[in-house]
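This report covers aromatic pairs and nonpolar cores. The sequence and structure come before the details.

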Amino acid sequence: MKGTNNLIGAVNFVTFLASIPILGGGIWLSSRANSTECLRFLQWPIIIIGITIMVISLMGFVGACYRQTWLLQLYLVVMFLVLAALIGFIVFAFAVTDQGHGQVIINRAFLEYQLSDYSGWLKNRVSDPKYWSKISSCLRDSHVCSGMHRNVRDTATGAIFPEPAYMFYQRHLSPIESGCCKPPTSCEYNYVNETVWNPGTGMVVNDMDCTRWSNDQQQLCYQCDSCKAGLLATLKHSWRKVSIINIVILIILVFVYVVACAAFRNNKRMDNDEAYGEARMTKARPSRFQF
């Protein structure tokens, strides 16, 4: 009888300890939130997740180890809601990331991304100016484009110079690097280095991203539709991986939930002074089926 209670108590004690660094990370971000919009965007989800895990863990730990049946019952209700939400998120993640892909460009090793290839809720969310201002701030603060710079050494003279265009075109760029850190290939800009491009004679004017590009390292193509498409491609890949991890977590939580149900039944038996394996008769002539 004590085995299930001890197991639930141990599991929730571990998750309680895990919630402390999560909550601490959110508090740390809030202390630095005045510096960047990105940190303000991230702090509250992390704090809410940390507090939620901590409260649920405390309910399970106290309910199982101190025989607080009502608290364990509340824990089961909350866990059921968590399981339902997790299942909903898994289905939602696969549903909103089923469209969109990179386009192959001749003589380029990297793919390019167009916002028109995507549709649905996630595209509308990312394209919303209110949210995109925060997302683009995060991209700038992460210095994702400055990490693209490469230098090569001349084997004859030993001189170091920026990577030439033909070498850059053979690089495998991430979706965000391809969409946010350079102009679209269709604009026919002339390569200077990875994040500096000069207008060419054949610039395509019907693509608004051609006019949005800026050599200002704080602007680049962060306001381009190609940048939003690159982010959507990254989210598609990331959410699919997260969904697979969530399926594993779901299986573990279902096991924990079953054990918690057994612990709840044990507490009920002990509250009713019933021996393990016995059921108190509540009717003079009990029915054939006992629940």
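## Tyrosine 169 and its partners

Tyrosine 169 has a relative accessible area of 17%, so the residue is buried (under 20% relative accessible area with a 1.4 Å probe, protein chains only; exposed is over 50%, partly exposed in between). Tyrosine 191 also counts as buried, at 16% relative accessibility. This is a predicted model, in which local features need pLDDT of at least 70 and side-chain atom pairs pLDDT 80 or more, while totals for chains, interfaces and linings use all residues. Residues are numbered from 1 along each chain, and side-chain values use heavy atoms, without hydrogens and water.

The ring centres of tyrosine 169 and tyrosine 191 lie 6.3 Å apart with planes at 65 degrees, so the pair is edge-to-face. Rings of Phe, Tyr and Trp (its six-membered ring) pair if their centres lie within 6.5 Å; planes under 30 degrees apart are stacked, over 60 edge-to-face, the rest tilted. Arginine 108 lies over the face of tyrosine 169, 3.7 Å from the ring centre (CZ of Arg or NZ of Lys within 6 Å of the centre and within 35 degrees of the ring normal).

## The ring cluster

Ring pairs join Phe110, Phe168, Tyr169, Tyr191 and Trp197 into a cluster. Eleven aromatic pairs occur in the structure. In one of them, phenylalanine 168 and tryptophan 197 meet edge-to-face, at 5.8 Å centre to centre and 65 degrees between the planes. Both residues, phenylalanine 168 and tryptophan 197, are buried.

## The largest core

The largest nonpolar core (buried Ala, Val, Leu, Ile, Met, Phe, Trp, Tyr and Cys joined through side-chain atoms within 4.5 Å) has 35 residues; Phe168 and Trp197 are among those with the most contacts inside it.
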